[in-house]
Amino acid sequence: MNGVLADVLDGAPSLSLAERDRRWARTRALMDELDLDLILLSGFRSRDHYEHYLSNDYTEGIVLFPRVEAPVTVTWGNTRIFRAEDSFARGAARWIDRYCTGLNGAAVAGLIKELSPRGRIGVVGLETQTAGEFSGFVPARFWIDLTENLAGRETVDISWTFNEMMLPKSDEELALVRRAASAAEAACQAMLETVAPGVPETEIYAKVLATLARHGCGVRYPTLILNSGYPSLAWGPPRWTTTAEPVRRIGTRDLVMAEIFPTFGNAEVQVQMSVAVGKPQAAVAQCAAVARASYEAGLSVLRAGITFRELVHAMEQPLKESGCWALTPLVHSLNPQAFLGFTQVNDQDAAPVATLPGPPPRNLPQLLGSDLVLPAGATLAFEPNACIGRTRVVSGGTVIVTEKGYEETNSLPCRMRTTYA
């Protein structure tokens with residue numbers, strides 16, 4: 001292994017039992033505030049792996065967190081328990097002592113009765129709104145069986161309140177964020193060095209993901225967004241990852257754009273890397289300039305204590321002045337990705353979207369969490385995008401909110417790059 005990378009991995013940050021105690025104390029304070037006797041923290045296949053917040057583990061299950069008794073991790077397969085036990089045997093800190101299988105509604109209802117025979121139950125995972133989870137991520141069969149076996153017990157969804165509680169990060173958590181951001185920066189450099197006419201998308205895809213893996217990072221859904229061509233409003237994983245269609249090769253006047261989602265210790269960053277091949281066409285250059293102006297406008301107002309609405313309002317002004325519109329959010333929260341900063345500025349010019357059949361997903365493209373007061377330690381994905389017709393450029397990285405301003409964790413992806421010299 002490269003010696004520099006070995007040093008980075010050997011000295012990588014982690015989460016302590018003191019961080020566990022901080023999170024558990026915050027959660028119990030929330031339970032007191034909401035008069036809850038137990039929290040059912042769903043993980044399942046959630047994008048943000050919510051159960052990790054209280055367990056420092058992700059078993060694709062749930063955490064039952066009672067007010068008094070010790071918490072329990074419930075998973076669907078014994079292999080997930082063996083996997084955790086191997087880590088504990090190697091010295092990993094164990095946050096929760098009791099792991100068990102039985103991830104079905106009836107079995108979990110029985111556990112709830114054991115841990116908390118009465119009182120209100122708070123549930124995280126029913127009301128969420130992020131990519132692919134427009135109607136939550138708790139399986140319907142699980143929920144039906146659970147509630148049938150908890151007849152007479154009051155359940156209340158606390159997803160949004162729990163999301164807000166998670167936003168301010170400790171120093172330990174921010175160390176993980178910075179670690180993921182460093183890997184993201186390296187992945188963007190690898191992408192910039194790889195993009196060239198004739199190169200297949202598969203090579204760019206492989207270089208980005210290999211770079212993240214070498215830095216000890218995982219990736220969030222949808223693994224890697226990578227689209228090439230011009231003009232195009234396409235956004236998502238390459239089609240060849242699911243449809244077995246021919247792999248596209250980069251053209252001489254292409255725009256290659258990627259959204260990269262590294263995680264380290266379940267702390268996520270996002271970067272939006274755009275590379276123009278050759279001299280950018282006029283519309284591309286204009287969209288790139290507007291996206292960068294939006295990024296700078298957001299930084300100019302960002303600090304703890306402003307509302308999410310104020311931040312989005314500042315970032316949409318360059319679009320308003322230039323006549324551009326935005327396809328995706330200008331900014332959203334990270335860890336968790338719950339508060340989404342969509343804008344409707346100049347949406348009358350978004351003809352390609354308006355002509356699509358059917359309504360948009362529930363609550364989209366609304367501004368979600370507009371009254372949220374941003375706390376110090378919150379992590380935000382700055383991802384301003386500007387569109388003219390079917391031309392779109394997106395750029396940006398992850399920003400940490402501080403008491404008096406902000407900390408940028410990325411630089412390379414925060415403006416469009418070009419192969420043109």
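In what order do the six strands of the open sheet run? Keep that in mind as you start. The model is predicted.

**Stop 1: the sheet**

Colour the strands and look for an open sheet of six. Read across it and the order is 4-3-2-1-5-6, with mixed pairing. Now select residues 98–101, then residues 155–157. These are strand 4 and strand 6, the edge strands. Each of them pairs on one side only. Tilt the view to follow the twist, which averages 25° from one strand to the next.

**Stop 2: strands 1 and 5**

Select residues 38–42 for strand 1 and residues 121–124 for strand 5. The two pair in the parallel sense, over four bridges. Want one bridge to zoom in on? Pick Ile39 and find its partner in strand 5, Gly122.

**Stop 3: a helix across the strands**

Add residues 17–34, which form helix 2. Helix 2 lies across strand 1 and strand 2, the latter being residues 62–66. Against strand 2, the helix runs at about 65°.

**Stop 4: Asn56**

Go to the loop between helix 3 (52–55) and strand 2, where Asn56 is found. Check the backbone of Asn56: phi is positive, about 55°, although the residue is not a glycine. Asn56 is partly exposed, with a relative accessible area of 26%.

**Stop 5: two cis peptide bonds**

Select Tyr221 and Pro222. A cis peptide bond joins them, with omega at about 5°. Pro222 is found in strand 7, residues 218–229.

Next, select Asn335 and Pro336. A cis peptide bond joins this pair too, and omega is about 10°. Pro336 is found in the loop between strand 11 (331–334) and strand 12 (340–341). Asn335 is found in the loop between strand 11 and strand 12 as well. Stay on Asn335 for its phi: near 55°, a positive value in a residue other than glycine. Is Asn335 buried or exposed? Asn335 counts as buried, at 7% relative accessibility.

**Stop 6: the cysteines**

Show the cysteine sulfurs. How many disulfides does the count come to? The count comes to zero. A disulfide needs two cysteine sulfur atoms within 2.5 Å.

Start with Cys387. The closest cysteine sulfur is in Cys287, 6.5 Å away, so the gap is too far for a bond. Cys387 counts as buried, at 0% relative accessibility.

Finish on Cys414. Its sulfur is 8.5 Å from the closest cysteine sulfur, the one in Cys188, and that is also too far for a bond. Cys414 counts as buried, at 2% relative accessibility.

Terms used. Residues numbered from 1 in each chain as written. Predicted model: local features only at pLDDT ≥ 70, side-chain atom pairs only at ≥ 80, totals over all residues. Heavy atoms only, no water. Pairing = 2+ DSSP bridges. Axes fitted to C-alpha atoms, helices over the stretch in contact; angles between N-to-C directions. Contact = heavy atoms within 4.5 Å. Buried < 20%, exposed > 50% of the residue type's maximum accessible area, 1.4 Å probe, protein only.
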